[in-house]
Amino acid sequence: MKTTSLLREAAVSVADLVLPRSCIACGRELLMVEDCLCIPCLCDLPLTHYERISRNPMADRMNSFIEEGPYVYATALFFHINEYSRITPALKYSRNFQAGRYFGAMLGEKIGKSEHLRNIDCIIPVPLHPFRKWERGYNQAETIAYELRKALPGAHVRPDLLRKRKSASSQVSLNREQRYLNIKDAFVASPKCRSVNYSHILLVDDVFTTGSTLAACYNALKKALPNGSARISVATLSFDEEM
């Protein structure tokens, strides 16, 4: 184990000489012991701590869209503010899978200690439209979901239970109600949902803004699952509290 660690450190040192790594938030060159964030940015990471609070602003926003069912729990690792707002775009558009794994592991550790997010046995990443996934080559939500699984023993990642059947138009200029109307019918649950036997499903995405996308996913799943068969909660890397 010690030999493996020394070899990894040596490999990182050589790689940093050839192609120096930079902090995903502030851009400063990283030291060998740093990963994705420099130590100052890591220390100042604006954590939400929503895994400790069952009713929080993110969950309230999510529940404002919900058509039926119990209060939906929701959590995010950090607030989508200042230089930290660069994190999720780096994962989504720049193929920074290391960032997805790094922050996904941090989120998983938080969720694993949460009282109201216990007993998660299924993780469903928010799907991309097939053309968008083909164009991009990956789904960032899946990267996060598979990392979360490592921290949640017994949980299964099921990207096959939900699909995006139509590509919604740009949502940038829309308010929260318009965004939901724009996307509410974009997702459809698989017929497999009728026969699943999960007790607590976690919907996962990279960022929570208005909550319209995750609410559309929630409502599609809730209609397809056997009545009262599972609680559905939500988790993302970041939460934009200004939306």
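**Exercise 1. Find out which strand pairs with β1, and in what sense.**

Let's start with the pairing: β1 runs alongside strand β7 (residues 231-239) in the parallel sense, with five bridges between them. Keep in mind that this is a predicted model. For a concrete spot to look at, pick F78, which sits opposite S238 in β7.

**Exercise 2. Decide whether strand β1 is enclosed or open.**

Step one: locate β1 at residues 74-79. Step two: check its residues, and you'll find that six of the six are buried. Step three: conclude that β1 is largely enclosed by the rest of the structure, because of that burial.

**Exercise 3. Work out where E34 sits and what it touches.**

First, place E34 in the loop between α1 (2-18) and α2 (39-43). Next, look at its relative accessibility, which is 4%. Buried means under 20%, so E34 counts as buried. Now list its neighbours: leaving out residues up to four places away in sequence, E34 touches R21, R28, E29 and I39. Finally, zoom in on I39: the E34 side chain reaches the backbone nitrogen of I39 at 3.0 Å.

**Exercise 4. Judge how far to trust the model.**

Begin with the whole chain: the mean pLDDT is 89, and 89% of the residues reach 70 or more. Then turn to residues 5-18, where the pLDDT is below 50. Beyond near neighbours in sequence, that stretch has eight contacts in the model. Where pLDDT is low, the predicted coordinates shouldn't be read in detail.

**Exercise 5. Sum up the chain.**

Count the elements: nine helices and seven strands. Then add burial: 51% of the 243 residues are buried.

Notes: Residues are numbered from 1 along each chain as its sequence is written. This is a predicted model: local features need pLDDT of at least 70, side-chain atom pairs count only at pLDDT 80 or more; totals for chains, interfaces and linings use all residues. Side-chain values use heavy atoms; hydrogens and water are left out. Helices (H or I, at least four residues) and strands (E, at least two) are DSSP runs, numbered from the N terminus. Buried means under 20% relative accessible area, exposed over 50%, partly exposed in between (1.4 Å probe, protein chains only). pLDDT is the predictor's confidence in each residue, from 0 to 100. Contact means heavy atoms within 4.5 Å. Two strands pair if DSSP finds at least two bridges between them. A polar contact is a pair of N or O atoms within 3.5 Å; within protein, one must be able to donate a hydrogen and the other to accept it, and residues adjacent in sequence count only if both atoms are side-chain atoms.
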